[in-house]
Amino acid sequence: MVSSVKDPREEVIQAWYMDDSNEDQRLSHHRDPKQFVSFDQLAELGVLSWRLDADKYETDEELKKIREERGYSYVDFCEVCPEKLPNYEEKIKNFFEEHLHTDEEIRYCVAGSGYFDVRDKNDDWIRVWVKKGGMIVLPAGIYHRFTLDADNYIKAMRLFVGDPVWTPFNRPHDELPARKEYLEAFVNNDVTNLAVDATA
C-alpha cells in the first residue's frame, strides 16, 4: 500500500519545471500542464533540503546538528527587498544571472520567500520555491540563479564552511574544477558507470 504520509518539507519548499516565458521573473513560470519535481529528483542533482522552525533558529537543536555535521561554521543574514538592500535593482539583476559557485550555497529562509532556479541534467530550468522554514543546499558547481517572488521579500540565513566566499562565476565556466566535479558526481553518474564500478 502506498504511504500517504506527507513530507513536511512540502509546506515550505516546492519545485517545478519552468516554462520558457520571458515574463516577469518573479512570477511562478509553471509549465502547462504543471510539472512538479520531487525532493528525490532534487537530491539526484545534489540539491538538499530541510524543514526547520524559523521562529526559533537561534536555539534550534536540529539546525545546530546540521551545522555541526556539515561544518557550517559561518553564519550571517541577508535581507532582499527594495527597502533593505542597497542598489536593489542592480543586485536582483545580478542574482538572476545564471552562475555557479566553487562552494556550496546554503540558504535558510527565516522570513518571506524566493525562487532558486537550478539546471537539471538536460539543462532545463527547475524552479525551487523556498518559503519561511525551508533550508536548501545547492552543491558547488551547479548552474543556478535567484529571484524574489511576487511578494518582493526574503530574509535568509547564509551559512558557509569557514570564511565565506560569495564569488559568482557567470555561465559559461565549465573549465572550473568545481564544475567538472559536479558533472562527475551528479550528471555523468549514469547506470553504465555504476556497472563498471561494481565489477572493478
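Buried means under 20% relative accessible area and exposed means over 50%, with partly exposed in between. The exercises below apply these classes to a predicted model.

**Exercise 1. Decide whether Glu 104 is buried, exposed or partly exposed, and find its salt-bridge partner.**

Solution.
1. The relative accessible area of Glu 104 is 26%. Partly exposed covers values between 20% and 50%, so Glu 104 is partly exposed.
2. The partner is Arg 70, and the closest N and O atoms of the pair are 2.7 Å apart.
3. Arg 70 has a relative accessible area of 29%, so this residue is partly exposed too.

**Exercise 2. Locate the records' binding-site residues and describe how they are arranged in space.**

Solution.
1. An unreviewed UniProt entry assigns the feature "binding site" to His 99, His 101, Glu 105 and His 144.
2. In sequence these residues are spread over 46 residues, yet they cluster in space, with a largest C-alpha distance of 11.5 Å.
3. Two of the set, His 101 and Glu 105, belong to the lining of the largest cavity.

**Exercise 3. Characterise His 99 by its element, burial and surroundings.**

Solution.
1. His 99 sits in strand β4, which runs over residues 99-100.
2. Its relative accessibility is 6%. The limit for buried is 20%, so His 99 counts as buried.
3. Leaving aside residues up to four places away in sequence, the contacts of His 99 include two other residues of the UniProt site, Glu 105 and His 144. Among the further contacts are Pro 168, Phe 169, Asn 170 and Arg 171.
4. The His 99 side chain also reaches the backbone oxygen of Glu 97, at 2.7 Å.

**Exercise 4. Do the same for His 144, and find the side chain with which it makes a polar contact.**

Solution.
1. His 144 belongs to strand β8, residues 144-148.
2. With a relative accessibility of 2%, His 144 counts as buried.
3. With residues up to four places away in sequence left out, His 144 touches His 99, His 101 and Glu 105, among others. Its contacts also include Asp 117, Val 118, Trp 125 and Leu 138.
4. The polar contact is with the side chain of His 101, at 3.4 Å.

**Exercise 5. Which parts of the chain does the salt bridge between Asp 123 and Arg 171 link?**

Solution.
1. Side chains of opposite charge can pair when their charged atoms come close.
2. In the bridge between Asp 123 and Arg 171, the N to O distance is 3.1 Å.
3. Asp 123 is in the loop between β5 and β6, while Arg 171 is in the loop between β10 and α4; the two residues are 48 apart, and the pair links distant parts of the chain.
4. Asp 123 is partly exposed at 32% relative accessible area, and Arg 171 is partly exposed at 31%.
5. Shared partners join Glu 98, Arg 119, Asp 123 and Arg 171 into one network of salt bridges.

**Exercise 6. How many salt bridges does the model hold, and what is the state of the two residues in the Asp 24 to Arg 26 bridge?**

Solution.
1. The count comes to 14 salt bridges.
2. One of them joins the side chains of Asp 24 and Arg 26, at 2.6 Å from N to O.
3. Asp 24 has a relative accessible area of 33%, so it is partly exposed. Arg 26, at 28% relative accessibility, also counts as partly exposed.

Definitions and conventions: Residues are numbered from 1 along each chain as its sequence is written. This is a predicted model: local features need pLDDT of at least 70, side-chain atom pairs count only at pLDDT 80 or more; totals for chains, interfaces and linings use all residues. Side-chain values use heavy atoms; hydrogens and water are left out. UniProt positions are given in the numbering used here, feature names are shortened, and annotations may be inferred rather than shown by experiment. On a 1 Å grid over the protein atoms alone, a cavity is a set of points where a 1.4 Å probe fits but cannot get out, and a pocket is an open set with protein on both sides within 12 Å along at least five of seven lines; lining residues have an atom within 4 Å of a point. Helices (H or I, at least four residues) and strands (E, at least two) are DSSP runs, numbered from the N terminus. Buried means under 20% relative accessible area, exposed over 50%, partly exposed in between (1.4 Å probe, protein chains only). Contact means heavy atoms within 4.5 Å. A polar contact is a pair of N or O atoms within 3.5 Å; within protein, one must be able to donate a hydrogen and the other to accept it, and residues adjacent in sequence count only if both atoms are side-chain atoms. A salt bridge is a side-chain nitrogen of Lys or Arg within 4 Å of a carboxyl oxygen of Asp or Glu.
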